[in-house]
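User: I would like to work through this model step by step, with the reasoning spelled out. Could we begin once the structure is on the screen?

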Amino acid sequence: MKNSVVIIGSGLAGYAVARELRKLNTEFDVIMLSADHGGFYSKPMLSNALSSGKTPESIVNGDATQMASQLKISIRPHCRVSAIDQAARAVTLADGEKIPYSQLVLALGADQVHLPLSGDGVANILTINDLDDYKKFRIALTGKKRISIIGAGLIGCEFANDLATAGYHVDVIDISAQPLGRLLPSAGGAFIRQRLEAAGVVFHLNATTQSIDQAQERLRLTFADGSAIESDIVLSAVGLRARTKLAASAGIPVNRGIVVNRLLQTQFDDIYALGDCAEVAGKVLPFVMPITHAARALAATLAGNPTEVRYPAMPVIVKTPACPAVVSPPDFTIKGEWHVEADQNGVKALYKDDTGRLLGYALLGAATQEKNSLTPHLPPVLE
């Protein structure tokens with residue numbers, strides 16, 4: 001059998017591997033299996049498409065046919081994999097078809113976390129995890145004005161900024177005391193909150209959503225303290241959970257993600273994983289830059305040159321135009337503390353260990369201008 005690489009998943013990770021592999025090898029058969037339409041688009045663009053005037057259709061860079069031609073690979077859209085037979089080196093599709101592989105790449109992505117809420121309106125909660133979800137959301141927005149977002153993390157804040165800029169009334173609810181609670185020290189959280197509030201976002205912090213009920217044409221969100229608000233649409237953005245079920249059912253070890261070594265290799269030497277579904281050296285990094293570095297390393301390995309992935313410092317740009325922000329999250333398992341300088345124009349927060357070594361930073365407002373000078377002093381995420 002000719003060397004065939006089967007990639008399950010057509011998100012950024014799947015396409016990045018295919019593209020990098022084609023730079024190194026034009027002979028392998030590459031088959032991409034996609035549960036959706038299989039087109040290529042930038043998922044991060046979804047959270048600022050509305051205010052920038054982009055339609056869901058305009059976000060797509062190429063459909064499955066165009067991408068297959070461009071990369072000289074085979075793409076199977078609307079194709080679900082039901083099982084991996086490691087012994088037979090084949091995957092089984094939902095319709096029973098078996099597709100053999102020489103090397104298998106799991107680029108499965110992650111699912112939105114669903115909160116255990118009560119109420120007869122729970123079924124109407126929307127999540128946005130892909131372009132199809134986003135199309136449904138844009139249709140749902142027609143004629144609506146009040147949007148509630150559960151979750152004040154990265155995605156919640158980005159969508160809040162986008163919707164407020166587009167003229168919607170936006171409520172953001174979170175159990176934390178501040179927005180971006182996992183990424184920013186308190187001064188940074190206070191600053192981005194102030195800037196987003198100035199843009200029209202209303203925050204409900206230290207608030208636990210308990211139930212969502214239908215209230216005629218609206219949805220009523222009731223909090224643990226008994227207070228409530230009403231909205232036309234409720235969008236949940238409380239986090240992601242790696243898709244591990246397919247791997248686990250095939251006997252592949254999983255933890256917070258599919259467990260892989262520095263070669264992005266599972267316990268089976270011909271099965272690999274990367275992207276939001278993978279746990280590399282104990283780290284699950286659902287951001288663009290880690291995927292880019294992983295794809296390059298994995299492509300080299302698939303082409304016959306085993307290459308361990310290395311992650312340099314990879315700052316994350318938060319797409320909140322009302323409050324420009326860039327964060328390089330520190331490894332909080334290393335003892336350190338935040339050193340914060342704040343004024344009305346911005347916040348510069350540096351996370352340093354007890355020797356003064358820079359381990360991470362959070363830059364907001366005018367302080368984002370220091371990104372390029374600070375980043376070279378950061379340690380790599382994975383050497």
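User: In which loop does Q216 lie, and is Q216 buried or exposed?
Analyst: In this predicted model, Q216 belongs to the loop between β14 and β15. Residues count as exposed when their relative accessible area is over 50%. Q216 has a relative accessible area of 75%, so Q216 is exposed.

User: What is the phi of Q216 in the turn of the hairpin?
Analyst: The strands β14 and β15 form a hairpin with two residues between them, and Q216 sits in that turn. Q216 is not a glycine, and still has a positive phi. The value is about 60°.

User: How many bridges join β14 to β15?
Analyst: Strand β14 covers residues 209-215, and β14 and β15 run antiparallel. One of the pairings can be followed residue by residue, since Q214 has L219 in β15 as its bridge partner. The number of bridges that join β14 to β15 is six.

User: Which residues make up the covered face of β15, and which the uncovered one?
Analyst: Strand β15 spans residues 218-223 and has two faces that can be told apart by their cover. The uncovered face holds R218, R220 and T222. The covered face consists of L219, L221 and F223.

User: Which residue in the turn between β15 and β16 has a positive phi?
Analyst: Strand β16, residues 228-231, pairs with β15 in the antiparallel sense over four bridges, and within this pairing L221 has I229 as its bridge partner. The two strands form a hairpin with four residues between them. The residue in that turn with a positive phi, of about 95°, is G226.

User: Is L264 buried or exposed?
Analyst: L264 is found in the loop between β19 (258-260) and β20, and its phi is near 65°, a positive value in a residue other than glycine. The cut-off for a buried residue is a relative accessible area under 20%. L264 has 1% relative accessibility, and therefore counts as buried.

User: What is the order of the strands in the open sheet of five strands?
Analyst: The pairing in this sheet is parallel, and the edge strands, each pairing on one side only, are β5 (74-76) and β20 (271-273). From one strand to the next, the twist averages 20°. Reading across the sheet, the order is β5-β2-β1-β9-β20.

User: Which residue in β2 is the bridge partner of S4?
Analyst: Strand β1 takes in residues 4-8 and strand β2 residues 29-33, and the two pair in the parallel sense over five bridges. In β2, the partner of S4 is D29.

User: Which helix packs on the sheet and touches β1, β9 and β20?
Analyst: The helix in question covers residues 288-302, and its direction makes about 170° with that of β9 (103-106). The helix that packs on the sheet in this way is α8.

User: How many residues of α5 are buried?
Analyst: Helix α5, residues 154-165, reaches 17 Å from its first C-alpha to its last, which is close to the 16 Å expected at 1.5 Å a residue. Its buried residues include L154, F159 and L163, and also E158 and D162. Helix α5 is largely enclosed by the rest of the structure, because the number of its 12 residues that are buried is 10.

User: Which strands pair with β26 in the antiparallel sense?
Analyst: Strand β26, residues 358-365, is mostly covered, with eight of its eight residues buried. One partner, spanning residues 325-328, pairs with β26 over four bridges, and there V326 stands opposite L363. Another, spanning residues 346-352, pairs over seven bridges, with L350 opposite Y361. These antiparallel partners are β23 and β25.

User: What radius of gyration does the chain have, and why does it agree with a compact globule?
Analyst: The chain holds nine helices and 26 strands, and its C-alpha trace spans about 60 × 60 × 35 Å along the principal axes. A compact globule of 383 residues would have a radius of gyration near 21 Å, so the chain agrees with this at 22 Å.

Technical notes: Residues numbered from 1 in each chain as written. Predicted model: local features only at pLDDT ≥ 70, side-chain atom pairs only at ≥ 80, totals over all residues. Heavy atoms only, no water. Expected span 1.5 Å × (residues − 1). Buried < 20%, exposed > 50% of the residue type's maximum accessible area, 1.4 Å probe, protein only. Pairing = 2+ DSSP bridges. Axes fitted to C-alpha atoms, helices over the stretch in contact; angles between N-to-C directions. Contact = heavy atoms within 4.5 Å. Rg over C-alpha atoms; globule rule 2.2 N^0.38 Å.
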